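Visitor: I am new to this structure and would like to learn how to read some of its features. Could you take me through them one at a time?

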Amino acid sequence: KLLGLQLFDASLLSAETVEERVAVVNQQPLCVLSTMQVPNMSARLGELQCPILGFWGMNDKFCPVAGVQTLMHACSRIRFVLLSECGHWAMVEYAELFNRECLAFIAEGRT
């Protein structure tokens with residue numbers, strides 16, 4: 001049920017996606033899993049010097065879209081793709097677009 005909240009369209013939640021996400025969760029530090037909190041390090045965003053590509057779903061129930069502005073103002077060499085009718089997992093709901101944009105970003109030599 002929790003994983004379904006990650007998506008705008010919960011019908012896209014396949015058994016394969018659940019298995020993949022559970023594997024990712026199992027790699028998270030225990031403090032993240034026990035508190036469901038991560039430290040706020042936004043004051044240090046300006047230290048990032050690498051090119052950044054991000055994706056954000058306008059219907060994300062976990063991270064408000066205002067976070068994009070925080071990142072865009074604090075970081076240089078950053079690009080974001082905002083997606084309507086998309087929750088927290090753009091890579092699931094817009095897999096083809098996600099893969100295409102990531103490959104183009106790499107091909108541009110921005111990593």
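Guide: What follows is a short conversation about a pocket, the cysteines and a helix, and the model we are reading is a predicted one.

Visitor: How much space lies in the largest pocket, and which residues are the closest to its centre?

Guide: The largest pocket holds about 1400 Å³ of space, and among the 34 residues that line it, those closest to the centre are Gln28, Val38, Phe62, Cys63 and His88. Helices H1 (15-25), H2 (30-35) and H3 (66-74), together with strand E1 (52-57), are the elements that each give two or more residues to this lining, and the largest share, six residues, comes from E1.

Visitor: What classes of residue make up the lining of the largest pocket?

Guide: Sorted by class, the lining has 22 nonpolar residues, ten polar ones and two charged ones.

Visitor: How many disulfides does the structure hold, and why is Cys50 not bonded to Cys75?

Guide: A disulfide needs two cysteine sulfur atoms within 2.5 Å, and the structure holds zero disulfides. The closest cysteine sulfur to that of Cys50 is in Cys75, at 8.3 Å, which is too far for a bond. Cys102 is likewise in no disulfide, since the nearest cysteine sulfur, that of Cys86, lies 13 Å away.

Visitor: Are Cys50 and Cys102 buried, exposed or partly exposed?

Guide: Cys50 counts as partly exposed because its relative accessibility is 41%, and Cys102, at 21%, also counts as partly exposed.

Visitor: What span should helix H5 have?

Guide: At 1.5 Å a residue, the 13 residues of H5 (residues 95-107) should span 18 Å, and the C-alpha atoms at its ends are 18 Å apart, which agrees. Just after H5, Gly109 takes a positive phi of about 75°.

Conventions. Residues are numbered from 1 along each chain as its sequence is written. This is a predicted model: local features need pLDDT of at least 70, side-chain atom pairs count only at pLDDT 80 or more; totals for chains, interfaces and linings use all residues. Side-chain values use heavy atoms; hydrogens and water are left out. Helices (H or I, at least four residues) and strands (E, at least two) are DSSP runs, numbered from the N terminus. The expected span of a helix is 1.5 Å times one less than its number of residues. On a 1 Å grid over the protein atoms alone, a cavity is a set of points where a 1.4 Å probe fits but cannot get out, and a pocket is an open set with protein on both sides within 12 Å along at least five of seven lines; lining residues have an atom within 4 Å of a point. Grid points are joined across faces, edges and corners, and a volume is the space filled by probe spheres set on the points. Ala, Val, Leu, Ile, Met, Phe, Trp, Tyr, Cys and Pro count as nonpolar, Asp, Glu, Lys and Arg as charged, and the others, Gly among them, as polar. Buried means under 20% relative accessible area, exposed over 50%, partly exposed in between (1.4 Å probe, protein chains only).
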